[in-house]
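Colleague: I have a few questions about the terms you use. Show me the model, and then take me through the reasoning.

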Amino acid sequence: MKKLSVIVFSLVTWGLTSCHFKASRPSGFNDSIAARRDSMSEEAIETDTAIGVKKDTLNDKGRHYSRQEVENAMRIMERKMLKGTPANRVISGFDLQGNVIMVSLIFDSPENRTLVRKHLTDAPFVSFEGVKEPRPINHGGIEDTLNICLIAGQTVYPHDVRMVSTRLYNGSRDTILIGEETDLAFLDAHGVWRALPMRRAWTDIGICLAPGQTHISKTKLSPEAFPTPSGRYRYYFPVYIDGQKVWLMTAFRIE
């Protein structure tokens, strides 16, 4: 098989969707956290007093917290994430918005908020954002077009699956353009296809797929943030044909 040629291209020209992480991210996604250092001791990292406020004032809603106190809390959260916590698996990132630490949850539920407050910080200046209900899938999808087809890695996955994959085959006579964007949906009890909550991130690159070539796409699930429902699923993958975005789709089950 010939080596795929990879090109970086303009979002305006090709229209690929970008994903911008928050200023701080879970361990393993970016090295920027590791590059940040401060003078706190390892012992201080594990205590609420390291934030710079007394323990008995953490839940004082009327208190004003300084920028430095909030930034100290950010550094503590980053240190804890680098060490690894159960909360790492339910957030997509966090950043500083004014004097508030905004935590982006993969799925905004009371259970996931509790994990963050228990393992990262219980400071009163922390707020949360994220989907509270899986969003409906608005775009359609076809299994193949012009001999370009998308095939599921497996027709049935076990319930404890953590990654699903597809194989895109270019059986046409033309080179097509693809990216790393994907979408994964499950059929709910009311017959509505909804996007499965998970980390959704892809690189803004374009891949030229020549005639006869195959591209493997893999997507990691986030069962700790949103338990994977059993049932029918659809994997969506867009391709660009003559500058037009076409969503391909393949079906599988999780049992």
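Modeller: Let me start with strand E6 (residues 148-152) and E8. Five bridges join these strands, which run antiparallel. Leucine 150 has leucine 168 in E8 as its bridge partner.

Colleague: What makes E6 and E8 a pair?

Modeller: Two strands pair if DSSP finds at least two bridges between them. E6 and E8 are joined by five, so they meet the cut-off. E8 and E13 also qualify: seven bridges join them, again antiparallel. There, valine 164 has threonine 219 in E13 as its bridge partner. The names come from DSSP runs, numbered from the N terminus: helices are H or I with at least four residues, strands are E with at least two.

Colleague: What should I keep in mind about numbering and reliability?

Modeller: This is a predicted model, in which local features need pLDDT of at least 70 and side-chain atom pairs count only at pLDDT 80 or more, while totals for chains, interfaces and linings use all residues. Residues are numbered from 1 along each chain as its sequence is written, and side-chain values use heavy atoms, leaving out hydrogens and water.

Colleague: Why is asparagine 170 called buried?

Modeller: Buried means under 20% relative accessible area, exposed over 50%, and partly exposed in between (1.4 Å probe, protein chains only). Asparagine 170 has 0% relative accessibility, so the residue counts as buried. The residue lies in strand E8 (residues 163-170).

Colleague: Which side chains of E8 are buried and which are not?

Modeller: They alternate. Val164, Thr166, Leu168 and Asn170 point to one face and are buried. Met163, Ser165, Arg167 and Tyr169 point to the other face and are not.

Colleague: How do you know that asparagine 170 and serine 172 make a polar contact?

Modeller: A polar contact is a pair of N or O atoms within 3.5 Å; within protein, one must be able to donate a hydrogen and the other to accept it, and residues adjacent in sequence count only if both atoms are side-chain atoms. The side chains of asparagine 170 and serine 172 are joined at 2.6 Å. That is within the limit, so the term applies.

Colleague: What else does asparagine 170 touch?

Modeller: Contact means heavy atoms within 4.5 Å. Leaving out residues up to four places away in sequence, asparagine 170 touches several residues, including Asn147, Ile148, Ile176 and Leu209.

Colleague: What makes aspartate 183 and arginine 200 a salt bridge?

Modeller: The rule asks for a side-chain nitrogen of Lys or Arg within 4 Å of a carboxyl oxygen of Asp or Glu. Here the closest N and O atoms are 2.5 Å apart, so the pair passes. Aspartate 183 lies in strand E10 (residues 183-187) and arginine 200 in the loop between strand E11 (193-195) and strand E12 (206-209), so the bridge ties together parts 17 residues apart in sequence. Aspartate 183 is buried at 5%. Arginine 200 is partly exposed at 23%.

Colleague: How many salt bridges does the structure hold?

Modeller: The structure holds 12. One of them joins arginine 89 and glutamate 224, at 3.2 Å, N to O. Arginine 89 lies in the loop between H4 and strand E2 (91-97), and glutamate 224 in the loop between strand E13 (214-220) and strand E14 (231-241), so this bridge ties together parts 135 residues apart in sequence.

Colleague: Why are arginine 89 and glutamate 224 not called buried?

Modeller: Arginine 89 has a relative accessible area of 47%, so it is partly exposed. Glutamate 224, at 30%, is also partly exposed.

Colleague: How far apart in helix H4 are glutamate 71 and arginine 67?

Modeller: They are four residues apart in helix H4 (residues 67-83), which means about one helical turn. Their side chains meet in a salt bridge of 3.2 Å, N to O. Glutamate 71 is partly exposed at 29%, and arginine 67 is partly exposed at 41%.

Colleague: What makes E2 and E4 edge strands?

Modeller: The open sheet of three strands has the order E2-E3-E4, with mixed pairing. E2 and strand E4 (126-129) each pair on one side only.
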